[in-house]
Amino acid sequence: MAYRNLLTHDEGAVRTITVNRPDKLNALNLDTLNELTLAFGQAAQDDAVRVVVLTGAGDKAFVAGADIAEMNAYTPTQALSFSRIGQALMLTIERLGKPVVARIPGYALGGGMELAMACHLRIASNKAKFGQPEINLGLIPGFGGTQRLLRLAGRGAALELCLTGKQIDAARAHALGVVTEVVEPEQLDTAVKAVAEALSVAAPRAAAGILDAVLGGGECAIEQGLDYESQGFALCFATEDMREGTSAFLERRKPQFKGR
Ligand code: CO8
């Protein structure tokens, strides 16, 4: 499918989705949010896709936020709808049931940092900058940033970043647990490829179970979270991949997971 603001590319079981508005530092307008929702919906349904990499075009930005020019004219009703569409997209990504890796070459600000935080792993260039600068625009984060930053980095960091609106570098983002890996800019593609390829040969049902247990379990009492884990664990025993993984260990060979 052809998109106006996105590029998609498949390599093996890895689908890369690129926000392609480099002249606007890949800012998220409504059209782009809707296209991302479609693109992630398709990736979820396509069994051949086991991993999604999300990035922004060019080397200057992942995504520099929601489109300020478009938001400038919004009424409160339009803002509510924009925020809800954005939040639903972030939940779609977070609950995709397949690993999503954010490749972050540069700015991840406002809605861009929120988009990155909805992904499961975040690999950043050491040139990347992060921040929730909405307060400088007389706004608050509207795509789940207050909630995901709180959960990823704790109340202190969430309040610090949202209240000051300041930019932090990739090293600080890493120290806060917002970024999983920081590399030299020229190593970014290699690092993302290594992680995506490793995930693409992992057992998909096991990956889905881990995502369910960690993401679902993080939102409830430990008893319920442990139940998510038990259910996910038991489900793996219904897969050929679990027999293959355990047999391969016993036979001292590499497993070949088929997604069944
Ligand atoms: N929206 C629209 N256009 C943008 C955005 C943006 N967020 N960011 C950059 N651009 C555009 C610029 O306007 C410029 O366009 P043009 O060339 O046509 O004038 C082009 O991208 C290049 O940008 P700059 O010239 O500003 O590049 P610099 O290198 O000088 O600066 C910065 C880079 C520091 C990243 C700067 O562009 C900047 O500060 N951008 C805005 C960052 C920001 O505040 N982001 C948060 C936006 S608010 C938000 O994301 C809220 C999310 C939830 C919304 C829910 C609401 C209901």
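Strands β7 and β10 run parallel and are joined by three bridges, where strands are DSSP runs of E with at least two residues and helices are runs of H or I with at least four, both numbered from the N terminus. Within this pair, Ser125 has Val183 in β10 as its bridge partner. The model is a predicted one, in which local features need pLDDT of at least 70 and side-chain atom pairs count only at pLDDT 80 or more, while totals for chains, interfaces and linings use all residues. Residues are numbered from 1 along each chain as its sequence is written, and side-chain values use heavy atoms, with hydrogens and water left out.

**The sheet**

Both strands belong to an open sheet of six strands, whose order is β1-β2-β3-β5-β7-β10 and whose pairing is mixed; two strands pair if DSSP finds at least two bridges between them. At its edges stand β1 (6-11) and β10 (181-183), each of which pairs on one side only. On average, neighbouring strands are turned by 20° against each other, direction ignored. Strand β5 is joined to β7 by four bridges, and the two run parallel, with Arg103 opposite Ile123 in β7. Strand β3 (residues 51-56) also pairs with β5 (residues 100-104) in the parallel sense, over three bridges, and here Val52 has Val100 in β5 as its bridge partner.

How many of the residues of β7 are buried? Four of its five residues are, so to describe the strand as mostly covered is fair; buried means under 20% relative accessible area, exposed over 50% and partly exposed in between, with a 1.4 Å probe and protein chains only. Helix α7 (residues 188-200) lies across β1, β2 (14-19), β3, β5, β7 (121-125) and β10, and runs at about 165° to β7. Such angles run from 0 to 180 degrees between N-to-C directions, and axes are lines fitted to C-alpha atoms, for helices over the stretch in contact.

**Helix α4 and its neighbours**

Eight of the eight residues of α4 are buried, so this helix is largely enclosed by the rest of the structure. Among them are Gly111, Glu114 and Ala118. The packing of α4 against two other helices is set out below.

| Helix pair | Angle | Axis distance |
|---|---|---|
| α3 (residues 76-94) and α4 | about 25° | 8 Å |
| α4 (residues 111-118) and α5 (residues 145-164) | about 125° | 10 Å |

Helices α3 and α4 are therefore roughly parallel to each other, whereas α4 and α5 are oblique; angles under 35 degrees count as roughly parallel, over 145 as roughly antiparallel, 65 to 115 as roughly perpendicular and the rest as oblique. In the first pair, Leu89, Met90, Ile93 and Glu94 of α3 meet Gly111, Glu114, Leu115 and Ala118 of α4, contact meaning heavy atoms within 4.5 Å. In the second, Met113, Glu114, Met117 and Ala118 of α4 meet Gly145, Arg148, Leu149, Leu152 and Leu161 of α5.

**A buried threonine in a loop**

Thr239 is found in the loop between α9 (222-236) and α10 (240-250), and it counts as buried because its relative accessibility is 12%. A polar atom of its side chain lies 3.1 Å from the backbone nitrogen of Met242. Apart from neighbours within four places in sequence, Thr239 is in contact with Arg205 and Arg260.

Terms used
Polar contact = N/O pair within 3.5 Å; in protein donor to acceptor, adjacent residues only side chain to side chain.
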